Amino acid sequence: MSNTTDADEDFHQRQLRRTIELAYQGFRSGKGRPFGALVVRAGEVVAEAHNEVLALCDPTAHSEVLAIRRAAQALNTRDLSDCDLYVIGLPCPMCYSAATWARIRKVYYASTPADLAALTGIDDALLYADLARAAPGRTQLPTEQVQAAAAEANACYREWGEKKRRSEVL
């Protein structure tokens, strides 16, 4: 049973409509694909973005990542645990990770990955499946640990870890 009121539903729908407007702006202007995102805190939009992958020649310039970056800058913090992310569709693995690292409280989305794949040909299913595998068995982006460098890398991590509490890391 949901605790969502009609007023909440109306608010969420308005925010998602704005992500859809941003998605149209982004792809109609030739800047990117049809994606838009908002970061909302205490009922107010802190940041918004549309996909700018093409305009910036940056494969990480997804609407979610850009909105999270802008919100963190606007609020002068990397901890967005009191913020929600509104997106046109369920975030891809990269954007989901960015939202997790930013400690976004909740993600609200309008369209499903299945709809995205059917209507656009953009399908993250292989990425999600690949991420479910252990690192050495991944196929989308092969990985290989260079064991000879592990001790030196771990020394760097150890020194940093001794100076910072883990709770400050995430």
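Here is a walk through the structure, from the overall layout down to single residues.

This is a predicted model, so keep the thresholds in mind: local features need pLDDT of at least 70, side-chain atom pairs count only at pLDDT 80 or more, and totals for chains, interfaces and linings use all residues. Numbering starts from 1 along each chain as its sequence is written, and side-chain values use heavy atoms, with hydrogens and water left out.

Let's start with the whole chain. Its secondary structure comes to eight helices and four strands. Helices here are DSSP runs of H or I with at least four residues, strands are runs of E with at least two, and both are numbered from the N terminus. Read from that end, the elements go α-β-β-α-α-β-α-β-α-α-α-α. Along the principal axes, the C-alpha atoms fill a box of roughly 55 × 40 × 35 Å. Of the 170 residues in the chain, 30% are buried; that word means under 20% relative accessible area, while exposed means over 50% and partly exposed is in between, using a 1.4 Å probe and protein chains only. Contacts (heavy atoms within 4.5 Å) tell you about the sequence range: among those between residues at least 6 apart in sequence, 46% join residues at least 24 apart.

Now for helix 1. With 23 residues at 1.5 Å a residue, helix 1 should span 33 Å, and its end C-alpha atoms are indeed 33 Å apart. The expected span is 1.5 Å times one less than the number of residues. Its buried residues are Phe11, His12, Gln15, Leu16, Thr19, Leu22, Ala23 and Gly26, and these pack against strand 1 (36-41), strand 2 (44-50), strand 3 and strand 4. Just after the helix, Gly30 takes a positive phi of about 80 degrees. Ahead of helix 1, in the segment before it, sits Asn3, which counts as exposed at 74% relative accessibility. The C-alpha atoms of Asn3 and Val65 are 29 Å apart, with their positions 62 residues apart along the chain.

Next, the rings. A pair of aromatic rings is described by the distance of the centres and the angle of the planes. Rings of Phe, Tyr and Trp (its six-membered ring) pair if their centres lie within 6.5 Å; planes under 30 degrees apart count as stacked, over 60 as edge-to-face and the rest as tilted. Searching the whole structure turns up three aromatic pairs. One of them joins Phe11 and Tyr86 edge-to-face, at 6.2 Å centre to centre with 80 degrees between the planes. Phe11 lies in helix 1 (residues 6-28) and Tyr86 in strand 3, so this pair ties together parts that are 75 residues apart in sequence. Phe11 is buried at 18% relative accessible area, and Tyr86 is buried too, at 1%. Another pair is Tyr24 with Phe27: the centres are 5.8 Å apart and the planes stand at 40 degrees, so it counts as tilted. Both of these residues lie in helix 1, three residues apart, about one turn of the helix. Tyr24 is partly exposed at 40%, as is Phe27 at 38%. Ring pairs also link Phe11, Tyr86 and Tyr108 into a cluster.

On to helix packing. Helix 3 and helix 4 pack at an angle of about 20 degrees, with their axes 8 Å apart. That makes helix 3 roughly parallel to helix 4; angles under 35 degrees earn that label, over 145 is roughly antiparallel, 65 to 115 roughly perpendicular and the rest oblique. The axes are lines fitted to C-alpha atoms, for helices over the stretch in contact, with angles from 0 to 180 degrees between N-to-C directions. At the interface, Glu64, Val65 and Ile68 in helix 3 meet Met94, Cys95, Ala98 and Ala99 in helix 4.

Two loops deserve a look at the backbone. Most residues other than glycine have a negative phi. Asn76, however, has a positive phi near 55 degrees. Asn76 is in the loop between helix 3 (63-75) and strand 3 (83-89), and it is exposed at 70% relative accessibility. Arg103 also has a positive phi, near 65 degrees, and is placed in the loop between helix 4 (93-101) and strand 4 (106-111). At 27% relative accessibility, Arg103 counts as partly exposed.

Last comes helix 7 (residues 150-163), whose 14 residues reach 20 Å from first C-alpha to last, close to the 20 Å expected. Helix 7 is hardly covered, with one buried residue among its 14.
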